[in-house]
Amino acid sequence: MASHTATAKPTIVLDMSWLESPAHTTRLSFRGTPAAIAAASSVFGVPLPTSACRSATVGSRSALWQGPDEYLLIAPESERTLIIQALTNELSAHAHSLVDVSHRQNGLIVKGPHAVWLLESGCPLDLDLSQFPIGMCTRTLFEKSEITLWRLAPDIFHLEVWRSFTEYVIALLSETARELAA
Amino acid sequence: MSALRSPKGGRIDRARPLQFTFDGKAYVGFVGDTLASALLANGVHLMGRSFKYHRPRGLLGAGSEEPNALVTVIRDTARRTPNLRATQIELYEGLVAQSQNRWPSLQFDMGAIANWLSPLLPAGFYNKTFMWPRAAWHALYEPNIRAAAGLGTAPSLPDPDHYAQRFAHCDVLVIGSGPAGLAAAKTAAASGARVILCEEQSEFGGSLLDDRNATVNGQAASAWITDTLAVLGKNPRVRLLTRTTAFGYFPHNLIGLAERVTDHLAELPDGKPRERLWQVRAREVVIAAGAIERPLVFPGNDRPGVMLASAARTYANRYGVAVGRRAVLVTGCDAAYEAALDLVAVGAHIELIVDVRPKGYTPGPAEKAARAAGLKIQEQSTVLGTEGTLRVSRIKIAAIDSNGVIGASRSHACDVVLMSGGYTPSVHLHSQSRGKLVFDDALGAFIPGKTAEHSHSTGAAHGVQGLTALLRDGATAGAGAATAAGHVATPIMHTGVALDGNMAGVPGVLPQATSLPPTKAFIDFQNDVTTRDLALAQREGFESVEHIKRYTTTGMATDQGKTSNLNALAFIAGQSNRRIPDVGVTTFRMPYTPTTFGIFAGHARGDLFDPVRKTPSHDWALARGGVFEDVGMWKRTRYFPQAGEDMRAAMDRECLAVRNQVGMFDASTLGKIEVVGKDAAEFLNRFYINNWSTLGVGRSRYGILLRDDGFVYDDGVVARLAEDRFHVTTTTGGAARVFAMMEDYLQTEWTELSVWITSTTEQWAVVAVQGPRSRDVLKSLVSDMDLSPEAMPHMSVAHGHIAGAPMMLFRVSFSGELGFEVNVPARHGTAVWEAIYHAGQAFGITPYGTEAMHVLRAEKGYIIVGQDTDGTMTPDDAAVAWAIGKAKPDYVGKRALERPAMKRLDRKQLVGLLTVDPQTILEEGAQIIASAGQTVPMTMIGHVTSSYYSASLKRSIALGVIAGGRGLVGQTIYVPMPGRDIAVIVSSPVFYDPKGERING
Amino acid sequence: MLVIHCPYCGDRPELEFSHGGQAHVIRPKDPSQATDAQWAEFLYLRKNTRGLFAERWRHVRGCGRFFNAIRDTTTDQFVVTYRAGEQPPASVVGGAL
């Protein structure tokens, strides 16, 4: 990453153990009618949550609620063609939209005892477990970047960030992590 | 140890001395000192010059209310912070501080001539004096007034520190940590609520730290503070913040906190921000901000050495400093007697206590204690003046008889005067939150009334007095807040024992022998406002307190009337025979104390000011010396200069390469939206002006989008990928707003349509390959597609593979040449870009940037929405009316185009512009006039929207909009520039290949 | 920064929302039947209410939904939010519409 401020002190060796970049995955934007959503659940093998801001995971596949008619389906990269074909074939009777957005965004994992503290530097949501429980997912902001924030464990968060905003989000998190290095 | 420093007591560490300098002179203080307490311990009272009159000024207070002692702290050449209150600067080893607003020195200040001229500098002086001649304002008056105004000097170098920002949420935010605040936090935390306790000073305790003798539940107050903090500190749901000012109360219980992280440290630690902004969303807020003592208003009340009694207490009890050796206390408030007792305890002599209240009041506990201690008290008296140049040396006291007649004055020698007009609850945050204020007659001050937010004012900020009552009120507020936030809370009660002097007082000016308002009796110390200024404003007809405030500047600026507000109101009330509550109050503005710009910028500076969005070719272009420009948040390559080339040379080479061989261009930033559903074509029919029903699968069309007002909003190529699936492109800058507009119509107007949209801007990397050899380049890379003109005609789209990556290939041209746009999933973008570059070498491929792209499209008369259009152009104005699907019953903007104004013949229309001198390049934005030789104001008939040098045409070209322009083709118009009118011939906007033959290769 | 109750996602910070102007401005089903005056009113004429005001918001950095809200323009307090296409509760309409 390029040095981003004149103030960066070379003496700091930044601990980056709080950050992980997961392997590339299949990402599908699925939108449709309630009937299509129900049908997609059985084809995808994961019940698409009907509660706002909730996710469901079965095995290596997850469905993230993004809006009342919108989901982000996440699966291993190798299953992309299979899943697209299955959904397209099985849902022909139901009004819906399926768009491959695998390359649109990157996944980031922010983890560790300081995960919440790091994210609170740019995310305006209340990340207390009582307000943002495990499995909750939502689009929100990290400073000037839209992100999807998804809590996997009390101290593990999965972020989905649009491709060209990823460097910015990592740089800002790293700026905040400098406070930990001191 | 100096004679002014007590041998023991206070909260300083006498074992750890600290060296520091003030105005170049070296001094010694201790760990725990502020700059103010350390200077006082060294006998220094003179710390600043006043804002307007350059009067010598010393400390008035001991905390954030200090209006006078504003100094500059210098760490290094870049770290130079002006206008800091000496009372809030924690001493560290090597601290360097300087006084301000003086020249050549603090002791001898030339600017003080303003003091002698002060009768000539009344309120409104500038407004009245510098009226004319008008021309002198910019040349003479304003520069000189600006040079004379202000206190410290802003730093000239970029701020080398970094500033952090955080969001935080809690059930209960407690602001202030005196007895009420601590009791509130303790009770709220015990209920299980999430609590944040913030304290402006370096340690928790508030007024308890200023009291030698107070006990809580039988414990010394300091021990109780320690125990309470230990309990709070162990609670994981409690966050404790010192050196943290709640500077602003924003709507819906958002409180801005400014935490000063490193300013108190001698060595700046790696990684730590200088300051941290906390944006706290609290369900409930407890405001325990305390109360501020008021000065008394009498002639010469601003002389160095004249200070608040409460400040003297703080210096004595917290820092072990006697503010003087021989003190006179002037008070209209019982609690101030405690200061006299405390000064005696640190070895000072109390020359006299002057009580300014009329006889007949009931003596309070502090006065009784002072009498018991044998201190000399003169009752029912007033102050007629003070003497001393850079430090008070005498004070004139006169008794008032039972008829209100002022007797002969007597002068008393002294080196410090303590004054107290009573206490004013700190209602700033309550007022910022739009809460109402009510006047408390017993206290003689405003206290918080009806709240507008979920807030609870408590303790002295709520007008409560007496230690036990403060602790009880705090606990009750803490319980109320926690309960309102959904917890079960019981107030934790404490019993406090203290002298509990009464805080009520006598606001306003002390009686004087003349009926005129006294001179040099200051009300607002920071803004140099005297009683005479307020009286003058009233004489000149300013009645509303809001008007008086603005005319005289009382209560304004960084001080926000902390010490002056009530005295000003009382004086105005007295002058106009009104009661204080009838005068009304002005609104308190945020911030409570000045806040750095850095804390609001946070990390948003330099490369992190905005996200820097990079395309797949970014690093490749960077390595080859590409020059970039910002387009929205995107970095796009403007041109790729070769050795020795300037921008023009690079552009010319790139343009000619596209016209003659082939060029490649990163078009990834274009917005892309996938429109899917059985009604997709119907939706696009209603949304864009074009007819989409007739677009076959595998074909694309140039689309124009209007708003419902009929004006061009965006454009782009739309391809039909399947019966129910379209790939829509938008302008780079329009992607988000077009997406939002589509959602708006789908969600709120045409809910019956079965269509969904998905942004795919970042899914695809796009390489435009343009030029006569473009097909040859792609043929060498693509084996699974037929790229022949028959199989892949202009405006077609097909799928295949390129360099191993899946590809969606568009036959499309924004250059007028045979051209393609290669779309691949974004993570393949860099590899595919490089593959095309390598394969293209055999055909002379040339990477080109946005500058060449602009020239190429302008040569063809292709518009850029937002450059050649400006939000007031119809499709006809922009020469794209041919795209309208005329048979459609409706589309966004159609009805508006029927309005008469949209059909006028003199609307500004897009035309081409050819300068008579082919080497003259017009300036974009230049105005157009019909005839040469006009004088200002000229009659402008249009303006230049795009202008370039065309290497292909070996001359300049331009696009512009002119009223009725299409009717002027062939005629000469003029572009006025300094010194000349440039003759220009109006032409068709298509300059190159007007028949459009080259697009077919 | 206000707290806005998204009818889908619940209470969220204003940063996540974009304002959408006056609510319940209906686009005529057949604009060709509208007079110039009616069309100008639809395009340009909006209320500037002191007090309860019905306005649109979009949870753009959240679920993406447009919805309606009744807000008191003198206090910035929201009375109610409700989904697009719905009418506000009769009890709070007042002069908002």
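Buried area is the accessible area (1.4 Å probe) that two parts lose on being put together, summed over both. The exercises below concern a predicted model, in which local features need pLDDT of at least 70, side-chain atom pairs count only at pLDDT 80 or more, and totals for chains, interfaces and linings use all residues. Residues are numbered from 1 along each chain as its sequence is written, chains are lettered from A and ligands numbered from 1 in the order in which they are written, and side-chain values use heavy atoms, with hydrogens and water left out.

**Exercise 1.** Describe the interface of chain C and chain A by its buried area, contacts and salt bridges.

*Solution.*
- Step 1. Chain C and chain A bury about 1,000 Å² between them, and carbon and sulfur atoms give 57% of this area.
- Step 2. Of the area that chain C buries against chain A, 42% is supplied by C:Arg12, C:Arg61 and C:Arg65, more than by any other three residues.
- Step 3. Contact means heavy atoms within 4.5 Å. Twelve residues of chain C are in contact with 15 residues of chain A.
- Step 4. A salt bridge needs a side-chain nitrogen of Lys or Arg within 4 Å of a carboxyl oxygen of Asp or Glu. There are two salt bridges between chain C and chain A. C:Arg65 forms a salt bridge with A:Asp69, and their closest N and O atoms are 3.5 Å apart.
- Step 5. For residue classes, Ala, Val, Leu, Ile, Met, Phe, Trp, Tyr, Cys and Pro count as nonpolar, Asp, Glu, Lys and Arg as charged, and the others, Gly among them, as polar. The side of chain C that touches chain A has six nonpolar, two polar and four charged residues.

**Exercise 2.** Do the same for chain A and chain B, and state which element of chain A gives the largest share of its side.

*Solution.*
- Step 1. The area buried between chain A and chain B is about 4,400 Å², with 49% of it on carbon and sulfur atoms. A:His103, A:Arg163 and A:Glu179 supply 16% of what chain A buries against chain B, more than any other three residues.
- Step 2. In contact are 51 residues of chain A and 48 residues of chain B.
- Step 3. Nine salt bridges are counted between chain A and chain B. A:Asp128 and B:Arg194 meet in a salt bridge through their side chains (3.9 Å, N to O).
- Step 4. Helices (H or I, at least four residues) and strands (E, at least two) are DSSP runs, numbered from the N terminus. Elements that give two or more residues to the side of chain A that touches chain B include β2 (25–32) and α4 (166–181) of chain A. The largest share, eight residues, comes from α4(A).
- Step 5. This side of chain A divides into 16 nonpolar, 19 polar and 16 charged residues.

**Exercise 3.** Where in chain B do B:Pro591 and B:Gln380 lie, and what are their backbone angles?

*Solution.*
- Step 1. Most residues other than glycine have a negative phi, and most peptide bonds are trans.
- Step 2. B:Met590 and B:Pro591 are joined by a cis peptide bond, with omega about 0°. B:Pro591 lies in the loop between α15 (580–583) and α16 (597–601) of chain B.
- Step 3. B:Gln380, a residue other than glycine, has a positive phi near 40°. B:Gln380 is in the loop between β20 (377–378) and β21 (381–387) of chain B.
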